[in-house]
Amino acid sequence: MSRVLIIPDVHLKPWIFDMAEKVNKESYDDIVVLGDLVDDWGMGSNLDIYKATLDRAAKFGKDHETSLWCYGNHDVSYLWDAMESGYSVQARITAVEGINKLERVLEGRLKFVHKIDDVLFSHAGLTEAFVLHSCGYHMKEIEDILAKVNRMGKQELWRDSSPIWARPQHDFYRMFRDDIFYQVVGHTPVEEPLDACGVLTLDLFSTYSDGSPYGNQKLYILDTETKKHKEAILL
């Protein structure tokens with residue numbers, strides 16, 4: 001059993017890491033960061049906030065040396081030079097340098113999908129369609145599947161059903177081995193935690209275009225045995 005503190009999409013809000021530091025350390029065993037550290041409404045030319053966010057992420061990753069991190073679509077869009085909504089040409093060099101620094105600090109802890117017990121953590125969700133298309137029917141062991149997914153690049157992952165792009169909250173995706181694995185994702189903004197069809201969505205720090213909050217701006221802890229989540233209490 002593991003109690004996991006989950007940090008969802010950050011999107012240039014470095015204070016979320018400060019908030020996480022205030023959670024009682026006895027209330028959780030592990031930390032998972034769900035990705036999308038960069039980009040937000042109207043911030044494309046604010047290079048200082050890109051640098052501050054990525055520097056704060058690197059410090060948090062160094063201080064919490066067992067924390068696990070997921071790439072988000074906004075993060076890899078800079079590494080792969082893949083244009084999308086929110087992509088900032090002005091911030092590209094700053095973003096690439098900051099994410100590369102984070103990769104060095106994390107030393108292999110930054111991946112597309114992580115597994116703790118029977119819970120999968122990714123930015124957007126691991127779908128059955130993606131696994132069958134990318135890994136085939138012959139690959140059965142979850143460790144082999146995750147190893148292959150975590151080695152993938154733009155050609156395989158820049159598609160709607162992938163673990164950086166899927167939206168099971170809106171589309172009729174069957175999640176990978178949903179009779180065995182529970183999944184925790186960000187990517188799709190929600191006002192409150194959404195626990196539906198074996199997927200817990202926690203993108204709770206998103207905002208409207210005017211900067212006002214869309215989600216409840218709270219952190220949550222998941223028990224990987226019971227699959228129950230609770231609000232993280234700040235000290």
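Let me start with helix H6, residues 142-149, where Ile142, Ile145, Leu146 and Val149 are buried. If you look down the axis of H6, those buried residues fall within an arc of 95°, so they line one face of the helix. As for what they pack against, the partners of the buried residues of H6 are strand E5 (113-116), strand E6 (119-122), helix H5 (128-135) and helix H7 (154-157). I should say at this point that what we have on the screen is a predicted model, so please keep that in mind for the rest of the talk.

Next, the pair of helices H2 and H4. In general, two packed helices are described by the angle between their axes and the distance between the axes. For helix H2, residues 47-63, and helix H4, residues 92-106, the angle is about 0° and the axes are 9 Å apart. Because angles under 35 degrees count as roughly parallel, H2 and H4 are described as roughly parallel to each other. On the H2 side, the contact is made by Leu47, Tyr50, Lys51, Leu54, Asp55, Ala57, Ala58, Gly61 and Lys62, while H4 contributes Thr94, Ala95, Gly98, Ile99, Lys101, Leu102, Val105 and Leu106. By character, the residues of this contact between H2 and H4 divide into ten nonpolar, three polar and four charged.

Let me turn to the sheet. There is an open sheet of six strands, and reading across it the order is E4-E3-E2-E1-E10-E11, with mixed pairing. Its edge strands are E4 (110-111) and E11 (228-231), each of which pairs on one side only. Within this sheet, strand E1, residues 3-7, and strand E2, residues 30-33, pair in the parallel sense over four bridges, and if you want one position to look at, Ile6 stands opposite Val32 in E2.

Finally, two residues whose backbone deserves a careful look. Most residues other than glycine have a negative phi. Asp81, however, has a positive phi of about 50° although it is not a glycine, and you will find Asp81 in the loop between helix H3 (73-79) and H4. Is Asp81 buried, partly exposed or exposed? With a relative accessibility of 43%, Asp81 counts as partly exposed. Glu107 also has a positive phi of about 50°, and it is not a glycine either; Glu107 lies in the loop between H4 and E4. With a relative accessible area of 68%, Glu107 is exposed.

Notes:
Residues numbered from 1 in each chain as written. Predicted model: local features only at pLDDT ≥ 70, side-chain atom pairs only at ≥ 80, totals over all residues. Heavy atoms only, no water. Axes fitted to C-alpha atoms, helices over the stretch in contact; angles between N-to-C directions. Helix = DSSP H or I, 4+ residues; strand = E, 2+ residues; numbered from the N terminus. Parallel < 35°, antiparallel > 145°, perpendicular 65-115°, else oblique. Contact = heavy atoms within 4.5 Å. Nonpolar A, V, L, I, M, F, W, Y, C, P; charged D, E, K, R; others polar. Pairing = 2+ DSSP bridges. Buried < 20%, exposed > 50% of the residue type's maximum accessible area, 1.4 Å probe, protein only. Arc of directions from axis to C-beta.
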